[in-house]
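Me: I'm new to this structure and would love a close look at one part of it. Could you pick out how the helices pack and walk me through the contacts step by step?

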Amino acid sequence: VITGLVAFALYLPAFNLFITSTGEEREKRQLLALLLTPVRPLELVASKAIFYACGSLIVSLIVVGLYQPSMVLDPRLFLSVLLGSVGYVSIGTVLVSFIRRQTTISTVSMLYLMGVGAIVSLAKVLFVFNWLRMFLIENYLYRLLQQILTGEPANREHYIAIAEMGFL
């Protein structure tokens, strides 16, 4: 259960809140006003991404700290959560660049969760979905979090999985 809570603590701020707030600002024309300031558009998007990635990182570490405070010091946990939050912000940035309407962004956020759930569930019975699962950040993130939170000792495979998630 704690693994799911940590994964959701990563997803909610870094993906859902990031794309929802950005879409809302764009639809209300507030983003245009911000883009007309001396700040470059890339700097503006980067600052929003950093804010939501850091917020996601902090919330997920708080969830782990409430479960077992000593685990917060595990470098594998920190790297996994950091890469997870950056990964979700990256996915959100791509989606926000394509989708223009706020209502569509909210729907896409829900469809993303449903699609990931369907792919992960069907991967157990159909080979095609097992191949698709390899392209999902959740495939690596959830497994790593589960290994770390169950107290499995650090080994080479953990760091390989962290590197795979970083390259994804």
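Reply: Let's begin with H3 and H4, whose axes lie 9 Å apart and pack at an angle of about 140°. That angle makes H3 oblique to H4, since an angle has to be over 145 degrees to count as roughly antiparallel. The crossing of these two helices, H3 and H4, is right-handed. Please keep in mind throughout that this is a predicted model.

Which residues bring H3 and H4 together? From H3 come Val45, Ala49, Tyr52, Ala53, Ser56, Leu57, Ser60, Leu61 and Val64. From H4 they are met by Leu77, Phe78, Val81, Leu82, Ser85, Val89 and Thr93. Sorted by class, this contact of H3 with H4 holds twelve nonpolar and four polar residues, with no charged ones.

One residue of that contact deserves a pause. Ser56 sits in helix H3 and has 0% relative accessibility, so it counts as buried. Setting aside residues up to four places away in sequence, Ser56 touches Ala9, Leu10, Pro13, Ala14 and Ser85. Of these, Ser85 is among the H4 residues that meet H3, while Leu10 is one of the H1 residues that take part in a contact with H7.

For a contrast in exposure, look further along H3, which covers residues 41–67 and includes Gly65. Gly65 counts as partly exposed because its relative accessibility is 22%, and buried would require a value under 20%. Between the C-alpha atoms of Gly65 and Leu83 there are 18 Å in space, and the two residues are 18 places apart in sequence.

Now let's follow H1 to its partner H7. Helix H7 spans residues 137–149, and its axis comes within 9 Å of the axis of H1, crossing at roughly 130°. H1 and H7 are therefore oblique to each other. H1 passes H7 in a right-handed crossing. On the H1 side the contact is made by Ile2, Thr3, Gly4, Val6, Ala7 and Leu10, and on the H7 side by Leu141, Tyr142, Leu145, Gln146 and Leu149. The classes here are eight nonpolar and three polar residues, with no charged residue in the contact of H1 with H7.

Thr3 is a good place to see this contact from one residue's point of view. Thr3 belongs to helix H1 and is buried, because its relative accessible area is 6%. Apart from neighbours within four places in sequence, Thr3 is in contact with Tyr142, Leu145, Gln146 and Leu149. Those four names also appear on the H7 side of the contact. Another way to see the chain coming back on itself in sequence terms is to take Thr3 and Thr150: they are 147 residues apart along the chain, yet their C-alpha atoms are separated by 9.1 Å.

H1 has a further partner in H5. Helix H5 runs over residues 102–122, and H1 and H5 pack with their axes 8 Å apart at an angle of about 165°. That makes H1 roughly antiparallel to H5, because angles over 145 degrees fall in that class. The crossing of H1 and H5 is right-handed. The H1 residues Tyr11, Phe15, Asn16, Ile19, Thr20, Gly23, Glu24 and Glu27 meet Gln102, Thr103, Ile105, Ser109, Tyr112 and Leu113 in H5. This time the residues of the contact divide into six nonpolar, six polar and two charged.

Finally, the aromatic rings tie some of these helices together. The whole structure holds nine aromatic pairs. Among them is the pair of Tyr11 and Tyr88, which is edge-to-face, with 5.8 Å from centre to centre and 80° between the planes. This pair links distant parts of the chain: Tyr11 lies in H1 (residues 2–27) and Tyr88 in H4 (residues 75–98), 77 residues apart. Are Tyr11 and Tyr88 buried or exposed? Both are buried. Ring pairs also join Tyr11 and Tyr88 with Phe8, Phe15 and Tyr112 into a cluster. In that cluster, Tyr11, Phe15 and Tyr112 are names you have already met in the contact of H1 with H5.

Notes:
Residues are numbered from 1 along each chain as its sequence is written. This is a predicted model: local features need pLDDT of at least 70, side-chain atom pairs count only at pLDDT 80 or more; totals for chains, interfaces and linings use all residues. Side-chain values use heavy atoms; hydrogens and water are left out. Rings of Phe, Tyr and Trp (its six-membered ring) pair if their centres lie within 6.5 Å; planes under 30 degrees apart count as stacked, over 60 as edge-to-face and the rest as tilted. Buried means under 20% relative accessible area, exposed over 50%, partly exposed in between (1.4 Å probe, protein chains only). Axes are lines fitted to C-alpha atoms, for helices over the stretch in contact, and angles run from 0 to 180 degrees between N-to-C directions. Angles under 35 degrees count as roughly parallel, over 145 as roughly antiparallel, 65 to 115 as roughly perpendicular and the rest as oblique. A crossing is left-handed if the near helix is turned anticlockwise from the far one by less than a right angle, and right-handed if clockwise. Contact means heavy atoms within 4.5 Å. Ala, Val, Leu, Ile, Met, Phe, Trp, Tyr, Cys and Pro count as nonpolar, Asp, Glu, Lys and Arg as charged, and the others, Gly among them, as polar.
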